[in-house]
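Colleague: I am new to this structure and would like a close look at a single part. Please take me through how one of the helices packs against its neighbours, and then place that in the wider chain.

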Amino acid sequence: MEQELRSLAEKIKPSKVIVVLTGAGASKESGIPTFRDKDGLWSQYDMERFASLDGLLADPRRVWEWYRDRYLEAKRAQPNPGHKALAEIEALLRNRGKDFAIITQNIDGLHQKAGSENVIEIHGSLYRAKCMECGKTYAMDDVINGSLPPYCECGGLIRPDVVFFGEPLPEREMEMAIYYAQNADVFITAGTSAVVYPAASLPYIAKDAGAVLVEVNVEDTPLTPLCDFVLRGRFGEVLPRLYDEIKNSI
Ligand code: APR
C-alpha cells in the first residue's frame, strides 16, 4: 500500500481538481451502519418501507421514528480519522491553489463536522426537513421533539430532506457533482458499493473524462476493475496515510 499511496500522491501533485465521492463505508468507523454490508441497514429494515415516498405516506409515524433515530445517531456520531484526513487534505490542496470537493451520498453531516468545507450532499441531509406542501425547510432539531409525523404551519406533512428511492437528486448538487466528475484530474471513491445510480455514474463520467480513478474500500466493487489505484483498506486507516504522503510530496 505504501508504494501505491506514494505514487498516488505524485499524481495529485500536478493536479488542479481533486474529487472524493464518499459512501456509507466512510461513516462505518464512526459507528453508523452501512446499507449493504451483512450487518447493514437493508438487512434489518425494508428499504421500500423506510426509504420511499410511498413508505412514508403509508406509515408516516413509523418512518419518522426511524429517521428521528438515525438523526439522533448521526448527531451523536463523531468524525473518524478518515473524515479528519479529508478535511486536512482539502485545506492543504486549497492552500496550493487546487480545487477540492467531496461529493457525498451520506446524510450524516460528518464531513462538515470534521471541518470539510466544499461538501456536496447529493442525497440530502438528516439535519434538514421540508414541508411537502409549501416547501418550507426546517432544522431537524425543530421538528423531532413534538409528536410525529410533524406538520407544517401551512398544514402540510413535513418530510426528512433526504432523497428517497426513485426520486430525482437535488438539481444544484447534481449539477455541481457532474461538473466535478467531468473536470476531475483525480477522482477517489471511498466507502461506496458503487451500485446506486445516478451517484454511481459519477466515477464513470470522471474516468471517461480522463481522470485517474482511485478506490478506497475494504472489498471489491463493480468499479474496481476500472480503477488506476485500488487502496484495499478501511477509510479511517487509508485516508490519514494518503494525507501524510501528500503532505510529504507536495
Ligand atoms: N472503509 C471503507 N469502506 C468500507 C468500510 C470501511 N471501514 N466499511 C464498509 N465499507 C464499504 C463496503 O465494502 C461497501 O462497498 O462501504 C460500502 C458501503 O456500501 P453501501 O452500504 O451500499 O453504501 P453506499 O454505497 O453509500 O450506498 C449508496 O444506497 O441505500 C442507498 O441512499 C443510500 O446513499 C446510499 C446509497
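**Packing around helix α9**

Modeller: In this predicted model, helix α1 (residues 2-12) packs against helix α9 (residues 235-249) with the two axes 9 Å apart and at an angle of about 55°. At that angle α1 is oblique to α9, because only angles under 35 degrees count as roughly parallel and the roughly perpendicular range is 65 to 115. The crossing of these two helices is right-handed. On the α1 side, the contact is made by E2, L5, R6, L8, A9, E10 and I12, and on the α9 side by V238, R241, L242, E245, I246 and S249. Sorted by class, the residues of this contact comprise 7 nonpolar, 1 polar and 5 charged.

Helix α9 also packs against helix α5 (residues 81-95): their axes come within 7 Å and cross at roughly 25°. That angle is under 35 degrees, so α5 is roughly parallel to α9. The crossing of α5 and α9 is left-handed. From α5, the contact takes P81, G82, H83, A85, L86, E88, I89, L92 and L93; from α9, it takes F235, G236, L239, P240, L242, Y243, I246 and K247. Here the classes are 12 nonpolar, 3 polar and 2 charged. Two residues of α9, L242 and I246, appear in the contact with α1 and also in the contact with α5.

A further helix pair is α7 (residues 171-183) and α8 (residues 201-208), which pack at an angle of about 35° with their axes 7 Å apart. In this pair, M174, A177, I178, A181 and Q182 of α7 meet L202, I205 and A206 of α8. The contact of α7 with α8 has 7 nonpolar residues, 1 polar residue and no charged residues.

As for the wider chain, it is divided into domain 1 (1-32 + 79-123 + 168-250) and domain 2 (38-76 + 125-162). The C-alpha centres of the two domains lie 28 Å apart. Domain 1 gives 9 residues to the contact between them, and domain 2 gives 12 residues. About 740 Å² is buried between domain 1 and domain 2, with carbon and sulfur atoms giving 48% of that area. Within domain 1, the residues that lose the most area to domain 2 are I107, K113 and E121, which together account for 55% of what that side buries.

Terms used:
Residues are numbered from 1 along each chain as its sequence is written. This is a predicted model: local features need pLDDT of at least 70, side-chain atom pairs count only at pLDDT 80 or more; totals for chains, interfaces and linings use all residues. Side-chain values use heavy atoms; hydrogens and water are left out. Axes are lines fitted to C-alpha atoms, for helices over the stretch in contact, and angles run from 0 to 180 degrees between N-to-C directions. Helices (H or I, at least four residues) and strands (E, at least two) are DSSP runs, numbered from the N terminus. Angles under 35 degrees count as roughly parallel, over 145 as roughly antiparallel, 65 to 115 as roughly perpendicular and the rest as oblique. A crossing is left-handed if the near helix is turned anticlockwise from the far one by less than a right angle, and right-handed if clockwise. Contact means heavy atoms within 4.5 Å. Ala, Val, Leu, Ile, Met, Phe, Trp, Tyr, Cys and Pro count as nonpolar, Asp, Glu, Lys and Arg as charged, and the others, Gly among them, as polar. Domain bounds come from an automatic or database domain assignment. Buried area is the accessible area (1.4 Å probe) that two parts lose on being put together, summed over both.
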